Amino acid sequence: MIASILKQLGTLLISLLGLTVLTFILSQQSDTPIHPYQSDSAFIQYFEYIQFLINGDWGISSIHKRSVLKDFLQHFPATIELIVFAMILAVTTGLALGILASTRRGGWLDNTLMTTSLVGYSMPIFWWGMLLVLLFSLTLGWTPVAGRISFEYDIQPFTRFMLIDTLLHHNKYGFDAFLNALHHLILPAVTLSTIPMAIIARMTRSSLLAVLKSEYIRTARSKGISKQRIIWVHALRNALQPILTISGVQISIIMSGVIITEYIFAWPGIGKWLLEAVSRRDFASIQGGVLALSIIVIAFNLVLDFLSIYLNPRLRRPS
Amino acid sequence: MIKLPVSANNRAAWTIFRQNKGAMIGAVILIIILILAIIGPWISPYDPARQFTNKILIPPIWSPAGDFNFFLGTDDLGRDILSRLLHGARLSLQLTFTVVLIAALSGILIGAGAAFLNQTLRSLLMRIMDLLLSFPSLLLAIAIVAIIGPGLPNAIYAVVIVLIPQFVRITQSSISDELNNDYVMAARLDGASSLRLLSHHVWPNITPALTVQLTFSFSTALLDIAALGFLGLGAQPPMAEWGTMLSESRAFIQFAPWTMTLPGLAIFLTVLSINLVGDGIRDALDPRLNR
């Protein structure tokens with residue numbers, strides 16, 4: 001176990017090294033240096049750059065003239081809100097659909113679900129988002145086109161999580177503001193969750209089918225345990241392992257998707273902020289945004305690795 | 001495991017592939033799209049950049065307001081959408097082919113080299129590849145475009161760099177797997193050189209895995225190029241690139257939905273058919289993975 005943890009830490013070090021070299025190169029593209037370096041040598045400047053990062057000085061945005069780290073932290077909750085909501089949607093629906101399909105293998109439901117998930121898998125998210133806007137916002141008028149909340153609500157950003165902030169304004173607007181925020185959140189979240197949902201549904205189905213073939217399930221069945229109990233109690237636990245393993249891929253897909261989703265729905269999060277920085281060549285913000293988003297992905301993968309070491313006894317033993 | 005001669009394997013694979021309905025449908029759609037992309041410039045009614053200033057935002061002909069001269073309608077500048085889609089097919093597929101070809105060649109070379117490196121160097125290289133793989137591809141592409149600047153050539157470089165690690169990983173791991181087999185050891189004891197081992201013994205056995213990877217990278221490359229075009233970081237207007245066309249249509253979704261639905265449909269159908277074919281090839285080449 002210690003060996004595999006050390007290996008993980010080694011990977012982490014290489015990751016951080018590669019990442020900071022990339023963002024250092026990014027920060028060097030700026031016309032005016034984003035940090036006051038003492039040395040002229042790029043090699044020593046890199047170490048000074050790391051020192052600045054650790055001290056929390058991520059540079060000043062050339063457009064907004066504000067601290068990049070502060071800017072990032074202000075936009076981040078909007079993105080987190082969208083990602084968490086979309087992830088909940090993707091995992092619950094994806095698991096449910098996958099389980100449903102595996103219990104009725106080969107039936108019309110299974111075939112429909114698998115075809116749909118293949119379609120979902122091939123869907124360009126930027127087109128999907130626009131189709132949803134066209135149908136639900138512009139034609140049916142069910143959901144707002146863009147933004148996080150309607151203009152008539154004056155919400156003080158306490159936590160910057162709109163769903164929480166609107167609840168904190170409960171005595172001013174009742175639940176109206178909260179529902180309005182939720183209403184704004186639905187369509188972007190559906191857009192973002194579609195592809196992960198399709199992948200989770202397919203994975204759940206195939207992994208559950210593989211587990212259901214195994215000997216211990218046959219034993220359980222021969223003991224007369226009900227089909228429901230076999231799936232929920234005996235099979236699902238083991239079937240979830242490979243699904244956990246691909247969650248790392250999911251976070252990459254979500255991170256790429258959230259940039260496009262925010263762009264389509266004018267969602268004031270990190271993705272939109274980063275794209276604006278790229279198009280206006282604000283290298284301090286680009287460097288900070290790439291750095292922060294990557295650290296999140298790396299941290300997520302690290303937690304996931306530890307979790308699977310913890311959950312899988314075979315990985316725990318020293319090889 | 002019994003290793004069949006490659007040609008027998010291929011014939012068996014084709015039999016399985018042919019029975020896969022989805023894969024065959026995908027193959028047919030893909031072939032049609034390829035043909036359209038190749039003959040596109042000759043059958044497209046107009047020049048894709050030509051602006052009919054008195055024919056702006058004409059809907060496709062199945063709508064009552066349609067015009068027979070413009071089968072799929074026109075966009076906000078009065079350009080014929082059918083012509084733009086046909087030229088776009090050629091452009092998008094050409095770009096995708098180029099990107100995948102460069103990425104595959106460099107990735108396979110690096111991966112094959114890595115398989116013969118010593119333990120420390122190889123594991124260092126593979127860690128770096130894992131790092132690149134764990135990165136959100138679009139974020140990496142955006143970071144690269146941010147360094148070298150927006151525009152089509154730079155977007156192409158970015159997507160190539162994003163795709164390379166996948167080929168390195170799969171080449172290296174399948175070569176390492178094969179090298180542990182007894183038949184390779186037998187050949188090595190017979191005095192075969194590393195290069196001969198690689199080309200005569202290992203290569204035929206890793207081509208299935210590489211073929212599957214190759215197919216799926218076509219859909220990844222197509223999507224990423226279109227996404228960068230859509231975000232304004234890749235191909236720039238007035239280029240008839242599908243992602244760029246989608247991006248230009250954003251302002252007119254409500255009044256002229258066809259300017260958005262049609263280019264998107266083109267991207268979607270191409271990606272879907274590639275994925276269908278990819279699924280079919282994977283199931284055919286590796287029956288053990290068969291569901």
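**How chain A meets chain B**

In this predicted model, 44 residues of chain A are in contact with 40 residues of chain B. Between them the two chains bury about 3900 Å², and 75% of that area lies on carbon and sulfur atoms. Within the share that chain A buries against chain B, A:Phe126, A:Trp127 and A:Met130 supply 18%, which is more than any other three residues.

Polar features can be set beside this area. Between chain A and chain B there is a count of 1 salt bridge, and A:Arg202 forms a salt bridge with B:Asp279, in which the closest N and O atoms are 3.6 Å apart. Residue pairs in polar contact between the chains, with both partners at pLDDT 80 or more, come to 4.

On the side of chain A that touches chain B, the elements giving two or more residues are helix 1 (2–28), helix 4 (108–122), helix 5 (125–139), helix 8 (176–212), helix 11 (247–265), helix 12 (270–279) and helix 13 (283–311) of chain A. By residue class, this side of chain A divides into 31 nonpolar, 8 polar and 5 charged residues.

It remains to ask what confidence the model carries. The model as a whole scores ipTM 0.86 and pTM 0.87, while chain B averages a pLDDT of 86, with 95% of the residues scoring at least 70. Among the elements of chain B, helix 3 (residues 81–115) of chain B has the highest mean pLDDT, 92, and helix 1 (residues 6–19) of chain B has the lowest, 75. Predicted coordinates should not be read in detail where pLDDT is low.

Definitions and conventions
Residues are numbered from 1 along each chain as its sequence is written. Chains are lettered from A and ligands numbered from 1 in the order in which they are written. This is a predicted model: local features need pLDDT of at least 70, side-chain atom pairs count only at pLDDT 80 or more; totals for chains, interfaces and linings use all residues. Side-chain values use heavy atoms; hydrogens and water are left out. Contact means heavy atoms within 4.5 Å. Buried area is the accessible area (1.4 Å probe) that two parts lose on being put together, summed over both. A salt bridge is a side-chain nitrogen of Lys or Arg within 4 Å of a carboxyl oxygen of Asp or Glu. A polar contact is a pair of N or O atoms within 3.5 Å; within protein, one must be able to donate a hydrogen and the other to accept it, and residues adjacent in sequence count only if both atoms are side-chain atoms. Helices (H or I, at least four residues) and strands (E, at least two) are DSSP runs, numbered from the N terminus. Ala, Val, Leu, Ile, Met, Phe, Trp, Tyr, Cys and Pro count as nonpolar, Asp, Glu, Lys and Arg as charged, and the others, Gly among them, as polar. pLDDT is the predictor's confidence in each residue, from 0 to 100.
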